[in-house]
Structures are given as C-alpha cells and as structure tokens.
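User: I would like to learn how to read the features of a structural model. Could you take me through them in turn?

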Amino acid sequence: MLLVPDLSMIGYAFGNKVEAWAYNVLHHRGLAIAVYLLGLYLANEAVQLTGVMLFSHSSIDRMFGYGLKYEKGFKFTHLGEIGK
C-alpha cells in the first residue's frame, strides 16, 4: 500500500510532461497534509490513513534522493539529477 503513489509512473506512457505532472501531484507533501486534514474533518480514518501514506511515501522518496520531477525526464528532479 505504501507504493501506490508510484502508480503515477504510468504517466510516462503519455510523455514526460504528463508524467512529471502526475508524479508531482501524488508526491507533494502539501496534498498529503490536505488529505489527512480532510480525513480529520470528515472523521474518516481511511482518508486520514491515505494522507499518512502519501506523506510517508513522499518522505521516503526524498530520503532516497527522488525529488519532484521536471518535464525533461525521470532523472531530473528538484533535488538534482538522479544517478550522479
């Protein structure tokens, strides 16, 4: 379940621009916090868990050096080029 946000990689089938957008939306910690707060407001534990999982996944990605993507390609991120 922790790897579900990586399904956004399917966007590469439609080009780098679509993939960068899809990846960045699903890996943005602000979205994760908003989903969690929505879960609190709705008193819905499943939505809260979704927010926690999104935040955890994004944090793990950052820890391993995978940042938000640029439209040039997968290895170009806001943290620098992957694989250098």
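Analyst: The turns below take up a helix, a loop, a surface patch and a salt bridge. This is a predicted model, in which local features need pLDDT of at least 70 and side-chain atom pairs count only at pLDDT 80 or more, while totals for chains, interfaces and linings use all residues. Residues are numbered from 1 along each chain as its sequence is written, and side-chain values use heavy atoms, with hydrogens and water left out.

User: How far apart should the ends of α3 be, at 1.5 Å a residue?

Analyst: Helices are DSSP runs (H or I, at least four residues), numbered from the N terminus, and strands are runs of E of at least two. The expected span of a helix is 1.5 Å times one less than its number of residues. The 19 residues of α3 should therefore span 27 Å, and its end C-alpha atoms are indeed 27 Å apart.

User: What is found at the start of α3, and what follows α3?

Analyst: A polar contact is a pair of N or O atoms within 3.5 Å; within protein, one must be able to donate a hydrogen and the other to accept it, and residues adjacent in sequence count only if both atoms are side-chain atoms. At the start of α3, a side-chain oxygen of N44 comes to within 2.9 Å of the backbone nitrogen of A46. After α3 comes G65, with a positive phi near 95°.

User: Which residues of α3 are buried, and against what do they pack?

Analyst: Buried means under 20% relative accessible area, exposed over 50%, and partly exposed in between (1.4 Å probe, protein chains only). In α3 the buried residues are Q48, G51, M53, L54, H57, S58, D61 and R62; they pack against α1 (16-26) and α2. As a general idea, an α-helix has 3.6 residues a turn, so residues three or four places apart point the same way. S58, in helix α3 (residues 45-63), has a relative accessible area of 0%. Leaving aside residues up to four places away in sequence, S58 touches L26, H27, H28 and R29, where contact means heavy atoms within 4.5 Å.

User: Where does H27 lie, and is H27 buried or exposed?

Analyst: H27 belongs to the loop between α1 and α2 and is buried, at 0% relative accessibility. Its side chain makes a polar contact of 3.0 Å with the side chain of H57.

User: What is notable about the phi of A43?

Analyst: Most residues other than glycine have a negative phi. A43 is not a glycine, yet its phi is positive, about 55°. A43 sits in the loop between α2 and α3 and is exposed, at 66% relative accessibility.

User: Which residues form the nonpolar patch on the surface?

Analyst: Patches are made of residues with over 30% relative accessible area and no salt bridge; like charges are joined within 9 Å, nonpolar side chains (Val, Leu, Ile, Met, Phe, Trp, Tyr) within 5 Å. Accessible areas come from the Shrake-Rupley method with a 1.4 Å probe, and for residues only the protein chains shown count as cover. Here I33, Y36, L37, L40, L49, V52 and F55 form the patch, with about 580 Å² of accessible area together. The elements giving two or more residues to it are α2 (29-42) and α3, and α2 gives the most, with 4 residues. I33, in helix α2, is partly exposed at 44% relative accessibility.

User: How many salt bridges are there?

Analyst: A salt bridge is a side-chain nitrogen of Lys or Arg within 4 Å of a carboxyl oxygen of Asp or Glu. By this rule there is 1 salt bridge, joining the side chains of E81 and K75 at 3.3 Å, N to O. E81 is partly exposed at 33%, and K75 is partly exposed at 38% relative accessibility.
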